[in-house]
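Work through the exercises below with the sequence and the 3D structure open. Try each task before reading its solution.

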Amino acid sequence: MPEQESDLKAQLRKNLEEMKTKGFDPYKNYRYDRTHSSAEIAEEYRDAGSEKSANVVSVAGRVMAKRVHGKAGFADLVDRDGKIQLYFRWDDIGDGPWELFQTVDRGDIVGSKGNVFRTKTGEVTVAVSEFKVLSKALIPLPEKFHGLQDVQMRYRQRYLDLLMNEDIRSRFIKRSKMIAFMREWLNEKGFIEVETPVLQPLYGGALARPFITHHNYLDIDLYLRIAPELYHKRCIVGNLEGVYEIGKNFRNEDIDAQHYPEYTSLELYQAYVDYGDIMDLTEALLYDTAMHIVGSEKIEYGSRTLDFAKPWPRTTMDDAILKHTGLDVGGLDSLEGAKKTARDMGVRDVEDCTDIGKVVFEIFDQRVQPNLTNPIFIIDHPIEVSPLAKRKRGAPHLVERFELFINGWEFANAFSELNDPVEQEQRFREQDRLKKEGDEEAHPIDTDYVRALEYGLPPTGGLGIGIDRFAMILTNAQSIKEVILFPHMRPDIA
């Protein structure tokens, strides 16, 4: 196979030289005027007959197949939107262009002008009157019928994946439309889009291990943000009242089917609302987006059918644990007793838990979360795992926080935001103590954020949504790498 591929490469380069000797250098073209995409031709000329159209169209794209029959030939031209057939005839284009057509290979990018008609087989086709080769492929494309299937190659050479696999191209177009819809939805609700630092002198807004870099000019270490939360709430202090940001966060963690160190989130903060209002907003935003992209409340994902019908249920973490495990969390009265109960249930990694709330969170995470298939809000979390959330009214050992789960994954995280500067500083100091004791994900003390709170943060609701996971659900992708254009890979040593 390598020898055969080498022969094909040699032939492609030979054809390039032949083009050039005939005066057709494909790299001398700087632009090409298109009048139609393949989809636009299919729509505009859906009623076309065997007679050629009066109007000339101009199309451009990549040749994915070529068939020559004597002094005539066909080519399949593929652009972003689909495929259109081109019909070449020596009588119509003359000697020079016909010779050029002979040297066109699968993978070449061409521009063509001509009239539209429908062939005897019923295919809408452009009868070419003139064409140009706009770029020459010098590496043979993967075999036509099996396409590009090697996962490692697909991720390393995503450009080839997009080129060869229409479903992959469609997936990323859907992702783009999803984000655009969410942005417009929020704009219509009066939110202001903001941009906050990616390089931060102090990371914050979540419990996670950061990436560290160095600013040479300032001679200081900086952190890639793990969340924009604390900057957004500074915006609320500054009277912006409703802000959102769609952008990258970075967490120095493992990679698996649902986790990726560089991921896209939507975060928003709104003054004068609580987590109940944010729950309403989250349900409406994600439901409307799903209907816009998929068009149905029944969303096929792998072997499951997810039911997005509203309203989405809301249940406390304690009640969810009771329902799925039979454990009454209220009966856990000591840390060691809670750990033993968790171990007896098969829950791992509880030895380092420093309080009952963290044990409860591990029980939920391992024994309950995988069972949450259809959209459901889990509300009222232990205070120990929520250092930025406001205490639950009537239950001060809990906080007003919710997470949205779909297909057993977390999709959204939200709080009634803590706006008491004194209590916030106390919680930061408790996190600092945990960090000094070896907790790499504990939250650092941010004294400037505390100062911002001292100027006054109104009652505020905040929300973070994982864009990549939502794109996975709406495009039926089984790995987060399938919705990230250029995922990180280990170096290809071969």
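The exercises deal with cores, a covered helix, a barrel and two single residues.

This is a predicted model, in which local features need pLDDT of at least 70 and side-chain atom pairs count only at pLDDT 80 or more, while totals for chains, interfaces and linings use all residues. Residues are numbered from 1 along each chain as its sequence is written, and side-chain values use heavy atoms, with hydrogens and water left out.

**Exercise 1. The nonpolar cores**

Task: Find which residues have the most contacts inside the largest nonpolar core.

Solution:
Step 1. A nonpolar core is a set of buried Ala, Val, Leu, Ile, Met, Phe, Trp, Tyr and Cys residues joined through side-chain atoms within 4.5 Å. Buried means under 20% relative accessible area, exposed over 50%, and partly exposed in between, with a 1.4 Å probe and protein chains only.
Step 2. The largest such core holds 47 residues, and M178, L266, F308, F402, L463 and I473 have the most contacts inside it. Helix α9 (residues 275–293) gives the most to this core, namely 9 residues. Helices (H or I, at least four residues) and strands (E, at least two) are DSSP runs, numbered from the N terminus.
Step 3. Take M178 and leave aside its neighbours within four places in sequence: its contacts (heavy atoms within 4.5 Å) are T289, I293, I467, F470, A471 and L474.
Step 4. Another core lies apart from it and has 24 residues, including I93, F101, V128 and F131. In soluble globular proteins, nonpolar side chains tend to be buried together.

**Exercise 2. Helix α8 and strand β10**

Task: State how many residues of helix α8 are buried, and what covers them.

Solution:
Step 1. Helix α8 spans residues 229–237, and 7 of its 9 residues are buried. These are E229, L230, H232, K233, R234, C235 and I236.
Step 2. Their cover includes β10 (242–250), β11 (262–271), β18 (409–416), α14 (447–455) and β19 (460–466).
Step 3. For R234, leave aside neighbours within four places in sequence: D446, D448, Y449 and A452 are in contact with R234. The side chains of R234 and D446 are joined by a polar contact of 3.3 Å. A polar contact is a pair of N or O atoms within 3.5 Å; within protein, one must be able to donate a hydrogen and the other to accept it, and residues adjacent in sequence count only if both atoms are side-chain atoms.
Step 4. Strand β10 is itself mostly covered, with 8 of its 9 residues buried. Strands β10 and β11 run antiparallel and are joined by 9 bridges; two strands pair if DSSP finds at least two bridges between them.

**Exercise 3. The barrel**

Task: Give the order of strands in the closed barrel.

Solution:
Step 1. The 5 strands run β1-β2-β3-β5-β4, with mixed pairing.
Step 2. One pair is β3 (residues 82–89) with β5 (residues 124–135), parallel over 3 bridges. The bridge partner of L86 is V126 in β5.
Step 3. Helix α4 (residues 95–103) packs on the sheet and touches β1, β2, β3 and β5; the direction of α4 makes about 60° with that of β1. Axes are lines fitted to C-alpha atoms, for helices over the stretch in contact, and angles run from 0 to 180 degrees between N-to-C directions.

**Exercise 4. A loop residue**

Task: Decide whether S53 is buried or exposed.

Solution:
Step 1. S53 lies in the loop between α2 (38–44) and β1.
Step 2. S53 counts as buried because its relative accessibility is 15%.
Step 3. The side chain of S53 reaches the backbone oxygen of N55 at 2.8 Å.
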